[in-house]
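User: I am learning how labels such as "buried" or "pocket lining" are justified. Could we go through this structure step by step?

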Amino acid sequence: MHPPMPSRHPGLDLARGLLMFYIVAVVHAVFWLQLLPQSFSSWWLFEMPGIFVVSGYAYSLYERAQAGGRPGGPQGSGYLAYLAGRGVRVLLPYLVYATACALLWHQLQQRHDAAGAPAVSATLLAWLNPLRHGEGHTLGVLNGQLWFLTPFLLVTALLPVVTRLKLPWRPPLWVCMLLLAGLLFLLGQGDIKGGYQLRTTLFYLAWAVLGYALDGRLALQPRELAATGGLAMLCVAGLHALLQAPLDMQDNKFPPNAVFVFFTSAWMCLLLPLARRMPSSMLARLEAAAWLRPFVRNGYSLYLWQGMGYTAAMAVAARLHLPWPATWALAVLSTVALGLLFAPVERVRLRGFGRRREPAV
């Protein structure tokens, strides 16, 4: 008999919290406040593959816990319950945030031009649809982070299916990287209906599968990581030299293309061994750090509400002529305050799904 395994892992929660802090306090500060030229700041866009690696690893822990320590994902009604539970956890906090954004935008439009303001129903419909996330009814960066929802939900649904497939052999990491880059390159050559979302989903699904495999199923040796990372950097340089591929990774990210595959692979081949070698004393200090705790415990809420936090901070800064450090501090503090205020929504569960231990977002 196999003992049940926990669906939460302190090291995994810490990794997720650090990534959320990096997204909220570093990446979006640099981009949304335009602190650096995009051509330079875009080279730090490694965070989302990391989020999906963590998510895949968390799903593996959940799978083992549900199966009593044995591999094997949810099937039949269990799969439907898994999807319903994950859907509530992801979409309910989004719907609360979307409603707040819709009402804020509509109120500002009414003040600016009451006669020309769209009906509140149209604004709500634009925001409550996670595929649109307020398109045409937004301001500032209220929806700048919400592109993440659709690929995350699709990857969440596909991961239990894909991970049940058994390959006859384990291809080297560099082969997987080349196959993914080649597939995205081919999909980018034609005008395929839904091609944007298809490429985005395939890209992040690959990282989630890697995270799933890292939970005891795949041992990546330093030599393999070094070879893959080196090849990835050579491929970025080669595509730029031979095909004039842009080196602005923001352009390569939406949707992900071959250059972005190589770029993020190089980063992950550097970060994975560094994460494994982090001293236990440093891990203990980070786990005890008060400044990191909100990002560890309520990262998804902070991720959502950063759009409101940054938009409000930029509006205040424009009126008071604040310098960028004050704007940045105000944006991060506003994000944390709003995220903590609405964090309880993350823990709402539908009756019948609340007892299942689910992987965290």
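User: Which helices supply at least two residues each of the lining of the second largest pocket?

Analyst: In this predicted model, α1 (10-32), α3 (47-66), α11 and α12 (280-288) each supply at least two residues of that lining. Among these, α1 gives the most, with 8 residues, and the residues nearest the centre of the pocket are A15, V54, L271, L272 and A275.

User: What makes up the lining of the largest pocket, by class?

Analyst: The lining of the largest pocket has 27 nonpolar, 3 polar and 3 charged residues, and its largest share, 8 residues, comes from α8. C176 is one of the residues that lie nearest the centre of this pocket.

User: Why is C176 called partly exposed, and is C269 buried or exposed?

Analyst: C176 has a relative accessibility of 35%, and since buried means under 20% and exposed over 50%, C176 counts as partly exposed. C269 has a relative accessible area of 10%, which is under the 20% cut-off, so C269 is buried.

User: How do you know how many disulfides there are?

Analyst: A disulfide needs two cysteine sulfur atoms within 2.5 Å, and by this rule the count comes to 0. For C176, the nearest cysteine sulfur is that of C269, 11 Å away, and C176 is in no disulfide.

User: What makes the span of α8 agree with that of a helix?

Analyst: At 1.5 Å a residue, the 20 residues of α8 (residues 195-214) should span 28 Å, and because the end C-alpha atoms are 29 Å apart, the two values agree.

Definitions and conventions:
Residues numbered from 1 in each chain as written. Predicted model: local features only at pLDDT ≥ 70, side-chain atom pairs only at ≥ 80, totals over all residues. Heavy atoms only, no water. Helix = DSSP H or I, 4+ residues; strand = E, 2+ residues; numbered from the N terminus. Expected span 1.5 Å × (residues − 1). Buried < 20%, exposed > 50% of the residue type's maximum accessible area, 1.4 Å probe, protein only. 1 Å grid on protein atoms, 1.4 Å probe; cavity = no way out; pocket = protein on both sides within 12 Å on 5 of 7 lines; lining within 4 Å. Nonpolar A, V, L, I, M, F, W, Y, C, P; charged D, E, K, R; others polar.
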